[in-house]
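Work through the exercises below with the model open. Each task is followed by a solution in steps.

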Amino acid sequence: MNYKSTRDTKNKFFTSAEVIKKGLADDGGLFVPESIPTLTSNDIEKLAKLDYIKRAADILSRFLSDYTYDELLADCEKAYCEKSFPGGVAPLVNVTDNLYSLELWHGPTAAFKDMALQIMPRLLVRALKKTGETRTALILVATSGDTGKAALEGYRDVDGVKIMVFYPVDGVSRVQKLQMATQEGNNVNVCAIEGNFDDAQTGVKKIFADRNFAEKLNEKGYFLSSANSINWGRLAPQIIYYVSAYCDLLNEGKIKIGDKINVCVPTGNFGNIFAAYIAKLMGLPIDKLICASNVNNILTDFLRTGTYDRNRKFHVTMSPSMDILISSNLERLLYFVAGSEKTAAYMKSLNETGAYTVDPEDLEKIKESFLGYYTDEKATAACIKEDLTENSYLHDTHTAVAFDAARQYIKNNGDKTPMIIDSTASPYKFAADVYKSLSDKEPTDALAALDELRELTNTDIPYPLEGIAKRKINFTKIVKASNMPEAVMDYLNS
């Protein structure tokens with residue numbers, strides 16, 4: 001299995017170890033597999049008899065062909081162990097009727113990013129050895145809240161790696177900010193920026209594209225890599241939990257082999273839902289992919305009209321991980337429906353004008369699988385309250401957006417196909433907004449909201465967030481987005 005850039009028309013191929021090491025292609029594109037491995041009904045039946053760890057090793061081995069199965073199994077056993085996921089790895093909960101919550105947040109940072117970022121550092125370390133790399137990998141991350149902490153935790157004290165995370169100073173929750181600011185480790189650094197997530201993401205991409213900066217790093221013995229979902233090593237592990245969820249439905253007798261399911265994902269950077277699309281291309285019986293957005297509904301508009309236009313008002317919402325106007329992984333979808341040449345042209349237009357419109361035939365291909373819905377703040381709060389009251393199920397703000405979008409889809413289409421809905425974070429990561437949604441009252445403050453939500457709902461604070469207010473603050477730096485390169489050099493020189 002080899003990989004190429006989404007913008008490459010000359011068919012320059014790389015191994016899986018090379019693309020995990022590089023993160024981003026030299027032409028600015030994202031790496032994609034040259035072909036999609038097949039998952040047959042017989043394969044799915046066999047996987048259904050395995051636990052999550054063995055399912056994960058099997059799926060990864062189909063994409064990462066220069067890793068041995070035994071290597072991948074060993075890494076999966078360490079990544080998805082009971083110590084890291086005491087609540088279980090990606091449990092599936094039937095909330096009501098045919099709606100199933102795929103709980104992806106039982107890991108060490110209480111967010112779905114742990115599902116990939118507990119194994120990705122292990123894949124990178126192996127990639128460095130497989131490619132003969134002697135320099136230190138410098139991982140640069142732009143985060144809207146959850147990726148940053150999950151990456152910091154995953155790469156903490158990993159040999160041969162340093163990591164620096166940038167986040168928008170006013171664009172993450174208080175709990176998310178504290179999780180990053182209190183991070184421990186000898187090879188980690190955190191820096192806030194003045195601006196929003198798109199400013200942070202654009203800043204990181206500019207650093208990756210700066211050849212002079214890369215040469216300066218090389219002289220210091222470093223090279224750049226990424227832990228965002230632009231890195232295939234981050235995205236491939238996300239394919240697993242859709243396959244695993246289908247297996248769980250089979251084992252519970254909710255479906256028969258070959259029966260179709262729908263998937264609904266609260267979406268910002270388009271990585272999680274794209275992983276579900278790859279699972280569908282492999283042969284997993286997924287019918288519709290519901291892309292759920294908050295009022296930053298750029299993806300909803302694109303999926304309905306074919307026009308992607310980031311020249312619009314940016315909204316700060318109670319679901320900040322979705323407050324994004326540049327959805328990087330959408331480029332991978334464009335490649336699969338339109339090819340490299342068109343994708344490069346669409347991305348050139350986005351870079352130069354902030355917008356592009358796909359050809360009608362490309363939009364029709366996209367609509368065969370994807371639908372877009374969005375949820376405003378009022379409806380998000382109402383969904384949180386309704387599902388706790390009527391179904392005894394507590395959502396975080398992002399999961400509530402997805403449940404509301406799923407119900408909009410069902411109301412419009414009358415589709416009774418079982419729906420897997422990604423639950424992407426613990427409600428306690430956004431305790432203040434969840435508490436306010438339930439009680440119609442402001443919590444005492446953002447941190448007191450953790451205990452107040454526990455008392456109100458009689459639920460448990462997850463272990464990664466217990467006692468967070470008492471942890472030592474290690475990072476307080478704030479810079480302008482234009483000064484991100486200098487901040488990186490300051491870190492390396494410190």
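## Exercises on fold and voids

The protein chain has 21 helices and 15 strands. The model is predicted.

**Exercise 1. Decide whether the radius of gyration of the protein chain agrees with that of a compact globule.**

Step 1. Take the chain length: 494 residues.
Step 2. A compact globule with 494 residues would have a radius of gyration near 23 Å.
Step 3. The protein chain has 21 Å, which agrees.
Step 4. Add the box. Along the principal axes, the C-alpha atoms fill roughly 60 × 50 × 45 Å.

**Exercise 2. Describe burial, contacts and exposed area in the protein chain.**

Step 1. Apply the burial cut-off, under 20% relative accessible area. Of the 494 residues, 60% are buried.
Step 2. Take the contacts with a separation of 6 or more. Residues 24 or more positions apart account for 75% of these contacts.
Step 3. Turn to the surface. The chain exposes about 18700 Å². Carbon and sulfur atoms supply 46% of that area.

**Exercise 3. Find the cavities of 30 Å³ or more and characterise the largest cavity.**

Rolling a probe the size of a water molecule over the atoms shows where empty space is left.

Step 1. Count. The structure holds five cavities of 30 Å³ or more.
Step 2. Size the largest cavity: its volume is about 270 Å³.
Step 3. Locate its centre. The lining has 24 residues, and Phe 112, Lys 113, Gly 268, Asn 269 and Ser 321 lie nearest the centre.
Step 4. Assign elements. Helices α7 (146–155), α11 (232–251) and α12 (271–282) each supply at least two lining residues.
Step 5. Sort by class. The lining of the largest cavity has 14 polar, seven nonpolar and three charged residues.

**Exercise 4. Which residues line the second largest cavity, and which helix gives the most to its lining?**

Step 1. Start with volume. The second largest cavity holds about 60 Å³ of space.
Step 2. Read off the lining: Leu 24, Ala 142, Gln 201, Val 204, Lys 205, Phe 208, Ser 226, Asn 228 and Ile 230.
Step 3. Helix α9 (residues 197–209) gives the most, with four residues.
Step 4. By class, this lining divides into five nonpolar, three polar and one charged.

**Exercise 5. Characterise the largest pocket by volume, lining and class.**

Step 1. The volume of the largest pocket is about 1000 Å³.
Step 2. It is lined by 35 residues, and those closest to its centre are Leu 24, Gly 28, Lys 205, Phe 208 and Ala 209.
Step 3. Cross-check with Exercise 4. Leu 24, Lys 205 and Phe 208 also line the second largest cavity.
Step 4. Elements that each supply at least two lining residues include α1 (16–22), α10 (211–220), β8 (222–226), α14 (330–338) and α15 (340–353). Helix α9 gives the most, with six residues.
Step 5. The lining of the largest pocket divides into 16 nonpolar, seven polar and 12 charged residues.

**Exercise 6. Repeat the analysis for the second largest pocket.**

Step 1. The second largest pocket has a volume of about 600 Å³.
Step 2. Of its 22 lining residues, Pro 108, Gln 118, Glu 153, Gly 154 and Arg 156 are the closest to its centre.
Step 3. Helices α6 (120–130) and α7 each supply at least two residues of this lining. Helix α7 also supplies at least two residues to the lining of the largest cavity.
Step 4. The classes are nine charged, seven nonpolar and six polar.

Key
Residues are numbered from 1 along each chain as its sequence is written. This is a predicted model: local features need pLDDT of at least 70, side-chain atom pairs count only at pLDDT 80 or more; totals for chains, interfaces and linings use all residues. Side-chain values use heavy atoms; hydrogens and water are left out. On a 1 Å grid over the protein atoms alone, a cavity is a set of points where a 1.4 Å probe fits but cannot get out, and a pocket is an open set with protein on both sides within 12 Å along at least five of seven lines; lining residues have an atom within 4 Å of a point. Grid points are joined across faces, edges and corners, and a volume is the space filled by probe spheres set on the points. Ala, Val, Leu, Ile, Met, Phe, Trp, Tyr, Cys and Pro count as nonpolar, Asp, Glu, Lys and Arg as charged, and the others, Gly among them, as polar. The radius of gyration is taken over C-alpha atoms; the globule rule is 2.2 Å times the number of residues to the power 0.38. Buried means under 20% relative accessible area, exposed over 50%, partly exposed in between (1.4 Å probe, protein chains only). Contact means heavy atoms within 4.5 Å. Accessible areas come from the Shrake-Rupley method with a 1.4 Å probe; for residues, only the protein chains shown count as cover.
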